[in-house]
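Subject: Handing over the two-chain model

Hi there,

Here is the structure I promised to pass on to you. Have a look at it first, and then read on for my notes.

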Amino acid sequence: MNVVVSGLSHHTSPVELRERLHFDEKALPNALIQLRKQLDDAGVVILSTCNRVEVYAHAADTAEAPGRIRRFLSEWHGIPEDELAPTLYEYAGREAVGHLFRVASSLDSLVVGEQQILGQVHDAFLTAQSEQATDKIIGTLFQKAFSVAKDVRSKSSISAGKVSIGSVAVDLAVSIFMDLAGKTVMVIGSGKMGELTLKNLVSRGVEHVLLVNRSHEKAVRLAETIRGEAVPYESLQEALPRADIVIASTAAPQYILGPGQFLAALKRRSHAPMFAIDIAVPRNIDPAVKKMDDVYLYDVDDLQQVADANLEARRQEIDQCLRIVEAGVDQFWGWLQGLVAEPTIVSMTEELNAIRERELQKTLASLPELTEKQRDEVAYLTKRIVNTILQRPMRQLKREVVEEDPHKVLHLVKRLFGLKEAP
Amino acid sequence: MNVAVDIFFYLGLALFVLATGAALAYLRNGAARMLTTEAGLLAAGGVALLITFGLRWAMYGLLPLTNMGDSLNLFVILGTAIALFIAHSNNVRTLLCFYGPALAALYLFNAISGHTFLHEQPKPLNGVFLAVHVGLAFLAYSLFFVASLTSVAYVFQARNLKRLHTTGLFHKLPSLEQLDRSLFKLITYGYIFFAITFVLGFIWAHVDADELGARWWMSPKIMRALFMVILYSVAFHTRRLGWMRGQKLAYLVFVGFGLLLASYMALGLLQLEDFYFWSKAS
């Protein structure tokens, strides 16, 4: 009995194939049932995201399980096995455990340290659990994966710093303003990037949106959809002091804002800081504004530079994270191997208790003068002796099966105590 | 009693040094519990120093405020209390990384340069009026000190933002707006207390004018106080009216306090903290 994983990811396959192999949320319960049938009722979890499709199983036969999973994926999606096989990776045992822990900790993600994957692994596990497709081993494996992922996040900076331009902009805004709620953002132009950045800011609490466009009708239309306020282009200078955050993304071939406009705005704002993002190419805001004390201006290259630096900083954390993952794998593996000794421990306990009971009855038969209470006390004493004697060998046995060849160790114990070999 | 004074003084120093260690550990690994540890150690160190202050007061029956060592002692006690209050009430605990080591450095400087003061009898202060004047002055100095450290944090964060150095301490420090508010709060209270103590001092000097001599107001000490009032008045009013804030204000507060500290040390070490400076010269 062991853990196996079979699947493909952005490392091994193109998006076209991943799309075809994706499990629809509604079809997932049925897929879990079919998969379990193929694997003789093994505990299973299917993880299907845009970057990976993986099947985790606690299979009786680790040699055959990957092949069965491959067959299942092929049949379910109608993709020939030959086409699938070169892109699939298959791990068993410690490797499979380590892979899951790395995936859950976002060390195997396209954007290392992104936080979405842990939620996706969690959802995949909950779906399998609600379909009663998991067992004790799979349950413990995934719980351990969540705890390792949490450790990785809290003990390293793997998730520190944003790595997309929109979120970098929000991050910078948060470093300038105490609270984005109540802040006013002015969007000049209607570029796609500007819209995305605005959405990011609104999701973080920005409440007032001023929309400025050369076509006032367009600004009015957009303002209606996001409950913003359309400002005529001619009133840009007048409205500028109201803006804490300025996003410029027009197609204008020249600068539309410069130090003069910002200086006038700052005076009217009592020098409260302003955050400006120039996403336009060519740029809309004169770079000379960057030298002003209370204006923090960034263009696309600046934001990309921060995103790249943050990504690099995350990459430098990977070694430390892998050490945390490895420690987690050791713990889980120890626990899993310890389970091999369980039937032997049960037999050993039963055997010694049978001896105890037999000898106890003999002794009690020769002591008829004992009261009921005294007989109970003697029985209790023998139980305590047996349990105390067993405690140390049981603990040692669990350790030995992890560190040594479990078959040899268990065979020796069975011979020592005269236990029957398991069928 | 002298032994007890020594024990509490050096225990406080050890706690401040440990607090600095916790601050450095936080900067290195970012573990939030290090900040909690630092806050605890600073608080304990502050209490130890307060006990030193209390023991010296009890030993001689005189407020220990009149020599440089005692002054710095009170300065560290008040600075610690203000730093902890600001860090907790404004939810800017990361600032303890700036406050803690600076307070520890000041404490260490006091221990090295003036530890003998611990066993010297303080000079008497002429009445409650003067004690209040001196006490309020130290409270204001401590507020300016913490404000100057906050201004360092502001400049550090603003420069990081300008240069796009967005790793390391950048993510741990509060926003510019939050730093600006903390800075303004500290300047406001410092300025109010200093203005009160300035007026109190002026009244007292007039009452005791005969004792101080005719040209007491020209002494370096008074000139420094006047300079401080003007400087912090400019800082407070320009910020309140919105004429100046951000890095310019931070630089003003920092440089202003630097000058104050330098003149305090210089006058103290050269023993020019005297109202009769010009009288003697003439």
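Below is what I found, going from chain A to chain B and then to the contact between them.

Please keep in mind that this is a predicted model.

**Chain A in outline**

Chain A holds 17 helices and 10 strands. Buried residues account for 39% of its 423 residues. If you take the contacts in chain A with a separation of 6 or more, 71% of them are between residues 24 or more positions apart.

**The sheet**

A good place to start in chain A is the open sheet of 6 strands, which pair in parallel in the order β7-β6-β5-β8-β9-β10. Its edges are β7 (229-232) and β10 (295-299) of chain A, each of which pairs on one side only. On average, neighbouring strands in this sheet are turned by 20° against each other, leaving direction aside.

Two of the pairings are worth opening in your viewer. Strand β5 (residues 184-188) of chain A runs parallel to strand β6 (residues 208-213) of chain A, and 5 bridges join them. There you will find I188(A) opposite V212(A) of β6(A). The other pairing is between strand β8 (residues 245-248) of chain A and β9(A), again in the parallel sense, with 4 bridges. V246(A) has A276(A) in β9(A) as its bridge partner.

How many residues of strand β9 (residues 274-278) of chain A are buried? The count is 5 of 5, so to speak a strand that is mostly covered. The cover is on both faces: M274(A), A276(A) and D278(A) are buried on one side, and F275(A) and I277(A) on the other.

Helix α10 (residues 216-226) of chain A lies across β6 and β7 of chain A, and the angle at which it runs to β6(A) is about 160°.

**Helix packing in chain A**

Two packed helices are described by the angle between their axes and the distance between the axes. I noted two such pairs.

The first pair is helix α8 (residues 165-176) and helix α13 (residues 300-315), both of chain A, whose axes come within 9 Å and cross at roughly 90°. That crossing makes α8(A) roughly perpendicular to α13(A). From α8(A) the contact takes I165(A), V168(A) and A169(A), and from α13(A) it takes V300(A), L303(A), Q304(A), V306(A) and A307(A). Sorted by class, these are 7 nonpolar residues, 1 polar residue and no charged ones.

The other pair is helix α16 (residues 372-403) and helix α17 (residues 406-417) of chain A, packed at an angle of about 145° with their axes 7 Å apart. Here L397(A), E400(A) and V401(A) of α16(A) meet P406(A), V409(A), L410(A) and V413(A) of α17(A). By class, this contact has 6 nonpolar, no polar and 1 charged residues.

**Chain B**

What does the secondary structure of chain B come to? It is 10 helices and 0 strands. Of its 282 residues, 41% are buried. Among the contacts in chain B between residues at least 6 apart in sequence, 81% join residues at least 24 apart.

I took a closer look at helix α1 (residues 2-29) of chain B. At 1.5 Å a residue, its 28 residues should span 40 Å, and the end C-alpha atoms are 41 Å apart, which agrees. Its buried residues are V5(B), F8(B), F9(B), G12(B), L13(B), L15(B), F16(B), A19(B), T20(B), A22(B), A23(B) and Y26(B). Just after α1(B) comes G30(B), with a positive phi of about 70°.

I7(B) also sits in helix α1 of chain B. Is I7(B) buried or partly exposed? I7(B) counts as partly exposed because it has 14 C-beta neighbours inside 10 Å, and a residue needs 20 or more to be buried. In space I7(B) is 10.0 Å from L49(B), C-alpha to C-alpha, though the two are 42 residues apart in sequence.

**Where the chains meet**

The contact between the chains takes 16 residues from chain B and 20 residues from chain A. On the side of chain B that touches chain A, the elements giving two or more residues are α6 (176-207) and α9 (246-269) of chain B. By class, that side of chain B has 4 nonpolar, 9 polar and 3 charged residues.

Happy browsing, and best wishes!

Note on methods: Residues are numbered from 1 along each chain as its sequence is written. Chains are lettered from A and ligands numbered from 1 in the order in which they are written. This is a predicted model: local features need pLDDT of at least 70, side-chain atom pairs count only at pLDDT 80 or more; totals for chains, interfaces and linings use all residues. Axes are lines fitted to C-alpha atoms, for helices over the stretch in contact, and angles run from 0 to 180 degrees between N-to-C directions. Angles under 35 degrees count as roughly parallel, over 145 as roughly antiparallel, 65 to 115 as roughly perpendicular and the rest as oblique. Two residues are in contact if their C-beta atoms, placed from the backbone, lie within 7 Å. Ala, Val, Leu, Ile, Met, Phe, Trp, Tyr, Cys and Pro count as nonpolar, Asp, Glu, Lys and Arg as charged, and the others, Gly among them, as polar. A residue is buried if 20 or more other C-beta atoms lie within 10 Å of its own, exposed if 12 or fewer, and partly exposed in between; C-beta atoms are placed from the backbone. The expected span of a helix is 1.5 Å times one less than its number of residues. Two strands pair if DSSP finds at least two bridges between them.
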